[in-house]
Amino acid sequence: MSKFVAWIDERLPVSNFVKNHLSQYYAPKNFNFFYYFGALAIFIFILQIVTGIFLTINYKPDATEALASVEYIVRDGEFGWLIRKLHSTGTAFFFIDIYLNMFRAMLDGCYKNKRELLWLVGRLIFVLLMNYF
C-alpha cells in the first residue's frame, strides 16, 4: 500500500501541499489580531456580492416601480429584510475593515522596499472601491 501511495503522491503531490500549506506553514513572529482583517475583508466582499445578487432578483429599476420593489423585498420577501440590512451595513463594515487593514500594513512597513508594488496595488484597489461603492 505504501508503494501505491508513493506512486500517487509522485504524480499528484497532495502530501507536499498539506505539509507546506496546512501543517507546517510559517507564521511570522509579529502575528497578531490585525492579520484577521484581510480575510474578513474577503468575507465581507463575498457577502456583498451574494446579498447583492439576491436583492437584484426582485428589484425593478423603473422610476415608478423601484420603491414598490424595495418594499416588496423588505416586507414580503423571504428574509428580505435581513438580506437588505446585511447588504447596507456590509458596506460600512467593509470600509472600516479596509481602513484597519491599511493601518496594519503601515505598521508592518508594507510600503517599503521589496513590497511597495503590493502596497501600490492595494492602494489602487482602495481607490477603485471608493469610486464604485
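Visitor: How many nonpolar, polar and charged residues does the lining of the largest pocket have?

Guide: This is a predicted model, in which local features need pLDDT of at least 70 and side-chain atom pairs count only at pLDDT 80 or more, while totals for chains, interfaces and linings use all residues. Residues are numbered from 1 along each chain as its sequence is written, and side-chain values use heavy atoms, with hydrogens and water left out. Ala, Val, Leu, Ile, Met, Phe, Trp, Tyr, Cys and Pro count as nonpolar, Asp, Glu, Lys and Arg as charged, and the others, Gly among them, as polar. By these classes the lining has 15 nonpolar, 3 polar and 4 charged residues.

Visitor: Which residues lie nearest the centre of the largest pocket?

Guide: A pocket is an open set of points on a 1 Å grid where a 1.4 Å probe fits, with protein on both sides within 12 Å along at least five of seven lines; lining residues have an atom within 4 Å of a point. The largest pocket has 22 such residues, and those nearest its centre are G38, N101, R104, G122 and R123.

Visitor: Which element gives the most to that lining?

Guide: Two or more lining residues come from each of α3 (36-58), α5 (80-108) and α6 (116-132), helices here being DSSP runs (H or I) of at least four residues. With 8 residues, the element that gives the most is α6.

Visitor: Over the face of which residue does R123 lie?

Guide: R123 is among the residues nearest the centre of the largest pocket. A charge sits over a ring if CZ of Arg or NZ of Lys is within 6 Å of the ring centre and within 35 degrees of the ring normal. At 4.3 Å from the ring centre, R123 lies over the face of W119.

Visitor: Why is the chain described as more spread out than a compact globule?

Guide: The chain has 6 helices and 0 strands. The globule rule (2.2 Å times the number of residues to the power 0.38, for comparison with a radius of gyration over C-alpha atoms) gives 14 Å for 133 residues, so the chain is more spread out, its radius of gyration being 22 Å.

Visitor: What is the phi of K114, and is this residue buried or exposed?

Guide: K114 is in the loop between α5 and α6, and its phi is positive, at about 80 degrees, although it is not a glycine. Buried means under 20% relative accessible area, exposed over 50% and partly exposed in between (1.4 Å probe, protein chains only). K114, with a phi of about 80 degrees and 77% relative accessibility, counts as exposed.
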